[in-house]
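Trainee: I would like to go through this model with you, one question at a time. Where do we start?

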Amino acid sequence: MLPALPEAWNEGEAKGLRARGGFVVDMKWSAGTIKEAGITSTHGGTCRIADHSLYRVQGPDGQELPADGFITAAGEIYRITPRDKEKVSVS
């Protein structure tokens, strides 16, 4: 989720970033990797996370959703956190 992060920005946060498909992203990172993010859907639709095998997605009700594509509802916030590295499969 941070493919173009400059090395000088090793730690930080951003709020209100607009993403394709009608999503608003707030995120915090440390050591150049996402620690947590919230994706708000502005009008519903499918959301796909790049490098989805690295992240866990929780819906507004706390249920885990597939990071490679999940249906969103307008106005709802979806929580993104990193998966445990030992559990990530690399193909």
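**Strands, core and salt bridges**

Mentor: Start with one pairing: E3 and E8 are joined by four bridges and run antiparallel. Keep in mind throughout that this is a predicted model.

Trainee: Which residue in E8 stands opposite Thr-40?

Mentor: Thr-40 belongs to the pairing of E3 with E8, which is antiparallel. The residue in E8 opposite Thr-40 is Ile-77.

Trainee: What is the strand order of the open sheet?

Mentor: The sheet has six strands, and the pairing is antiparallel. Its edges are E1 and E6 (64–65), each of which pairs on one side only. The order is E1-E2-E3-E8-E5-E6.

Trainee: Which residue in E8 is the bridge partner of Gln-58?

Mentor: E5 and E8 pair over four bridges in the antiparallel sense. On the E3 side, Gly-38 has Arg-79 in E8 as its bridge partner. For Gln-58, the partner in E8 is likewise Arg-79.

Trainee: How many residues lie between E1 and E2 in their hairpin?

Mentor: E1 (residues 12–19) and E2 run antiparallel and are joined by six bridges. Ala-14, for instance, stands opposite Met-27 in E2. In the turn, Gly-21 has a positive phi of about 95 degrees. The number of residues between the two strands is three.

Trainee: Which strand gives the largest share of the largest nonpolar core?

Mentor: That core has 17 residues, and Met-27, Ile-39, Ile-49, Val-57 and Ile-80 touch the most other members. At least two residues come from each of E2 (23–30), E3 (33–41), E5 (55–58) and E8 (77–82). The largest share is four residues, and it comes from E2.

Trainee: Which residues does Ile-39 contact, leaving aside its neighbours within four places in sequence?

Mentor: Ile-39 is among the core residues that touch the most other members. With those neighbours set aside, its contacts are Phe-23, Val-24, Val-25, Cys-47, Ile-49, Glu-76, Ile-77, Tyr-78 and Ile-80.

Trainee: Is Ser-41 buried or exposed?

Mentor: Ser-41 lies in E3. Beyond its neighbours within four places in sequence, Ser-41 contacts Gly-22, Phe-23, Thr-72, Ala-73, Ala-74, Gly-75, Glu-76 and Tyr-78. The cut-off for the lowest class is under 20% relative accessible area. Ser-41 has 1% relative accessibility, so it counts as buried.

Trainee: How far apart are the closest N and O atoms in the salt bridge of Lys-15 with Glu-13?

Mentor: Lys-15 is exposed, with a relative accessible area of 63%. Glu-13 is partly exposed at 47% relative accessibility. A salt bridge here requires the nitrogen to be within 4 Å of the carboxyl oxygen. The closest N and O atoms of this pair are 3.9 Å apart.

Trainee: Which residues are joined into one network by salt bridges that share partners?

Mentor: The structure holds three salt bridges. Glu-64 meets Arg-56 at 3.2 Å, N to O, and forms another salt bridge with Arg-83, with the closest N and O atoms 3.3 Å apart. Because Glu-64 lies in E6 and Arg-83 in the segment after E8, that second pair ties together parts 19 residues apart in sequence. The network consists of Arg-56, Glu-64 and Arg-83.

Trainee: To which accessibility class does Arg-83 belong?

Mentor: Its salt-bridge partner Glu-64 is partly exposed at 42% relative accessibility, and Arg-56 is partly exposed with a relative accessible area of 23%. Arg-83 has 26% relative accessibility and counts as partly exposed.

Note on methods
Residues are numbered from 1 along each chain as its sequence is written. This is a predicted model: local features need pLDDT of at least 70, side-chain atom pairs count only at pLDDT 80 or more; totals for chains, interfaces and linings use all residues. Side-chain values use heavy atoms; hydrogens and water are left out. A nonpolar core is a set of buried Ala, Val, Leu, Ile, Met, Phe, Trp, Tyr and Cys residues joined through side-chain atoms within 4.5 Å. Buried means under 20% relative accessible area, exposed over 50%, partly exposed in between (1.4 Å probe, protein chains only). Contact means heavy atoms within 4.5 Å. Two strands pair if DSSP finds at least two bridges between them. A salt bridge is a side-chain nitrogen of Lys or Arg within 4 Å of a carboxyl oxygen of Asp or Glu.
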